[in-house]
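Student: Could we go through the next model together? I would like to begin with the contact between its chains and then turn to the aromatic rings.

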Amino acid sequence: MGERKVLYLDHAATTSVHPQVVEAMLPYFSERYGNASSLHSLGREAHQAVEQARADVGGILCCSPDEIVFTSCGTESDNLAIRGVAWLNRRQGDHIITSSIEHHAVSHTLEQMERHFGFEVTYLPVDEYGQVDPADVERAIADTTILISIMYANNEVGTVEPISDIGRIARSHGIPFHTDAVQAAGAVSLDVNELNVDLLTLSGHKFYAPKGVGVLYVREGVELLPSQTGGGHENNRRSGTENVAGIVGLATGLKLVEAWRDEESRRLVGLRDRLIGGVLSEVDHCILMGHPENRLPNNVNIAFEYVEGEGILLGLDMEGIAASSGSACSTGSSEPSHVLLAMGVEPGVARGTIRLTLGHENTEEDVDRVLEVLPGIVERLRAMSPLYEG
Amino acid sequence: MYSELVMQHFSNPHNVGVIEDADGVGKVGNPMCGDVMEMFIKVKDGRIDDVKFRTFGCGAAIATSSIATEMIKGKPLDEAVKLSNKAVADALGGLPAQKMHCSNLAADAVRAAIEDYWDKQKKPAQEARQDDE
């Protein structure tokens, strides 16, 4: 078991660090280890590396380097965007608009602000594919609305949201608009002007950079109350000594996925649709979750009726295939996924979902390997399910 | 997250299936997480002669069902009915804390099957004969 190479199909959870990223980072551990705030040559070297990374990320987001804030992860970026804008603008109002399918980094943050600090939050519904209707955003806006936060692409079902349209609405009302683009990097455009966003979250480890480093884009003129105060790093928006190696890694990873984006997206769409088509034709009683076309190139999410997603996941794991289960029971809570429930999926069906997310190293052979073993795994579990009558 | 023994019982569960002419059937569900488990028993001389199960649930639910059938097979009913969720979990080398509700299900299903058998024994003889026909 230990000798066998894992067939990794969980790229929405995290990616491996690309060798080019490792190479770019290595000097910043033991050779160029300076603190970017120090005035001596080692410090200047570190400072230069951080500023080069900032310029590179700014180039990809089509913004000024000054609008890039490096953080420790996507969750921190989401928290900084939401809390930072909300607290600073509380005198103007206390209403925030979001969707009902956000990542917990957004939804749990907003729930806390609602419960403990008296903010009012509107959770917009989604359609059966997980799409937010921009007209619903327009309708939800009130005089007291101070922030809109809607994710770019959903982490579970891969549905891509109409961010540009929502951004246009937000802008016409003068309301800051944040998007969690953690799953979107490398798959769709991150041009903040095309997207009409004021704040945008990225996380390094979703694009072949390491864990522990993230980005928050903050449009010039949007003020934030920093969550973390101290030495005034990141232009007073996020204090704390810069993770130089991580920041260099993030920028290198982002440049990498941006360079191969068009070609790689086309390739992944081919693999994705081969996998979806294969599963739907090989296995009865299964349903594609999320939008058939308007979804991330690497996302496959399928519900297998009469069985539990966790069982399929464990079965795949025994075959050396790493996947993810849509049923939250496997991750410690007994509730089915809030995303699937918001899409109107029956709780029983929602429990039978698995997510397979492709990445750069996956090939057609990998897809065929899944198609070879998955039907048998589902069949075996159904044979022992009292809900399945054949 | 799961012990080696849980994975063994999940990947190669014992006593899966249905006993068509079962002497007792227990069907239990966990409304919290939606797990469903069916337990079928054949009784001979006051002992569990044969047992089979079907389970809809996570890996732990399947593993606990499997090991529970092993633990009661051949046992006197009085002893089998006392099977506890803790004993099932212990026999598997423990379960993750959030999975402990799954092991409740296996012991509950065993108890339900035995009680079903006892209920049928108490039925009037005539009704029992009709059941046989």
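**Chain contact and aromatic pairs**

Tutor: Certainly. Between chain A and chain B there are 7 residue pairs in polar contact, both residues being at pLDDT 80 or more. Please keep in mind that this is a predicted model.

Student: Which elements of chain A give two or more residues to the side that touches chain B?

Tutor: They are helix H12 (309–318) and helix H15 (364–383) of chain A. The largest share comes from H12(A), with 5 residues.

Student: And what is that side made of, by class?

Tutor: The side of chain A that touches chain B has 11 nonpolar, 7 polar and 5 charged residues.

Student: How many residues does each chain bring to the contact, and what area is buried?

Tutor: Chain A provides 23 residues and chain B provides 24 residues. The buried area is about 1,900 Å², and carbon and sulfur atoms give 65% of it.

Student: How many salt bridges are there between chain A and chain B?

Tutor: The count is 2 salt bridges. One of them joins Glu310(A) to Lys99(B), with the closest N and O atoms 2.6 Å apart.

Student: Now the rings. How many aromatic pairs are there over all chains?

Tutor: There are 4 aromatic pairs over all chains. Among them is the pair of Tyr208(A) and Trp260(A), which is edge-to-face, with 5.7 Å centre to centre and 70° between the planes.

Student: Why does that pair tie together separate parts of chain A?

Tutor: Tyr208(A) lies in the loop between strand S7 (199–203) and strand S8 (214–218), while Trp260(A) lies in the loop between helix H10 (244–259) and helix H11 (261–282), so the pair links parts that are 52 residues apart in sequence.

Student: Is Tyr208(A) buried or exposed, and what about Trp260(A)?

Tutor: Tyr208(A) counts as buried at 8% relative accessibility. Trp260(A) is buried as well, with a relative accessible area of 16%.

Student: What about Tyr306(A) and Tyr388(A)?

Tutor: Tyr306(A) and Tyr388(A) form a tilted aromatic pair, 5.2 Å centre to centre and with 50° between the planes. Tyr306(A) is in the loop between strand S10 (299–304) and H12, and Tyr388(A) is in the segment after H15, so this pair ties together parts that are 82 residues apart in sequence. Tyr306(A) is partly exposed at 26% relative accessibility, and Tyr388(A) is partly exposed with a relative accessible area of 21%.

Student: Which residues form an aromatic cluster?

Tutor: Trp87(A), Phe117(A) and Phe119(A) form one aromatic cluster.

Note on methods:
Residues are numbered from 1 along each chain as its sequence is written. Chains are lettered from A and ligands numbered from 1 in the order in which they are written. This is a predicted model: local features need pLDDT of at least 70, side-chain atom pairs count only at pLDDT 80 or more; totals for chains, interfaces and linings use all residues. Side-chain values use heavy atoms; hydrogens and water are left out. Contact means heavy atoms within 4.5 Å. Buried area is the accessible area (1.4 Å probe) that two parts lose on being put together, summed over both. A salt bridge is a side-chain nitrogen of Lys or Arg within 4 Å of a carboxyl oxygen of Asp or Glu. A polar contact is a pair of N or O atoms within 3.5 Å; within protein, one must be able to donate a hydrogen and the other to accept it, and residues adjacent in sequence count only if both atoms are side-chain atoms. Helices (H or I, at least four residues) and strands (E, at least two) are DSSP runs, numbered from the N terminus. Ala, Val, Leu, Ile, Met, Phe, Trp, Tyr, Cys and Pro count as nonpolar, Asp, Glu, Lys and Arg as charged, and the others, Gly among them, as polar. Rings of Phe, Tyr and Trp (its six-membered ring) pair if their centres lie within 6.5 Å; planes under 30 degrees apart count as stacked, over 60 as edge-to-face and the rest as tilted. Buried means under 20% relative accessible area, exposed over 50%, partly exposed in between (1.4 Å probe, protein chains only).
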